[in-house]
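Visitor: Please give me a close look at one part of this model, the salt bridges, and then place that part in the chain.

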Amino acid sequence: MAQMETPAGGLDDVDAVTRAVLTASRLLVAVSARSLAEVEERVTLAQFRMLVVLAGRGATKLVALAELLHVAPSTAMRMVDRLITAGLADRQPNPGNRRETLLQLTEEGRRTVEAVTARRRAEIAAIVQRLRPAQRWALVEALDAFNEVGGEPPVSEGGGEPHPLGWDMDPSVGREA
């Protein structure tokens, strides 16, 4: 790989890009944390992660939800119990198999996801607006390439997030037909 001259000297381009991406990821985590500020007394980041997955998938079995979140089913169950207590999710019998339970968002859970996502989108847009147009296009190009090699599908034009926050959203896992 070609070496890149940097003001710090001696770093190759992979090191410089890695440092820049780590810094950007720190900024994005801060934006995400601020977007949760209004609901943080009711929802932790991990619980919000679960809400986002449920918002994208709809009614889902606990085991599938645990797999998607890469947590143990017992951990997922504790999270679900807290979300149900907060009025953000509920359990329903699976109409296709009464022995199974499906988890889903309540209307309040859906509104919470939409509000937090809207705050995050607005803050990111405010940051992007401070860039010059050429910088914006360069950022789009660089992030598109980064996402492509990382295997992350793009967010839709309409603003929906088919794969929210980078979690595996394999449609074959957990969704009932």
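**Salt bridges**

Guide: K61 has a relative accessible area of 27%, so K61 counts as partly exposed (20% to 50%; buried is under 20% and exposed over 50%, with a 1.4 Å probe and protein chains only). The model is predicted: local features need pLDDT of at least 70 and side-chain atom pairs pLDDT 80 or more, while totals for chains, interfaces and linings use all residues. Residues are numbered from 1 along each chain as its sequence is written, and side-chain values use heavy atoms, without hydrogens or water.

The partner of K61 is E100; their closest N and O atoms are 3.8 Å apart, which meets the salt-bridge rule (a Lys or Arg side-chain nitrogen within 4 Å of an Asp or Glu carboxyl oxygen). K61 belongs to strand 1 (residues 60-61) and E100 to strand 3 (residues 97-105), so this salt bridge ties together parts 39 residues apart in sequence. Helices (H or I, at least four residues) and strands (E, at least two) are DSSP runs, numbered from the N terminus. E100 is partly exposed, at 24% relative accessibility.

By the rule above, the count is 5 salt bridges. Another of them joins E108 to R42, with the closest N and O atoms 2.7 Å apart. Here E108 is in helix 5 and R42 in the loop between helix 1 and helix 2 (45-57), so parts 66 residues apart in sequence are tied together. Both ends are partly exposed: E108 at 31% and R42 at 36%.

Helix 5 also takes part in the pair E123 and R34, where the closest N and O atoms are 2.2 Å apart. This pair links distant parts of the chain, since E123 is in helix 5 (residues 107-129) and R34 in helix 1, 89 residues apart. E123 is partly exposed at 21%, and R34 is partly exposed at 43%.

Helix 1 has a second role, in a nonpolar surface patch. V17, V21, L139, L143 and F146 make this patch of about 400 Å². Helix 1 (13-36) and helix 6 (133-150) are the elements that give it two or more residues, and helix 6 gives the most, with 3. F146, in helix 6, is partly exposed at 44%.

As for the chain that holds these parts, the elements run α-α-β-α-α-β-β-α-α from the N terminus, giving 6 helices and 3 strands. Of its 177 residues, 25% count as buried.

Technical notes. Patches are made of residues with over 30% relative accessible area and no salt bridge: like charges are joined within 9 Å, nonpolar side chains (Val, Leu, Ile, Met, Phe, Trp, Tyr) within 5 Å. Accessible areas come from the Shrake-Rupley method with a 1.4 Å probe; for residues, only the protein chains shown count as cover.
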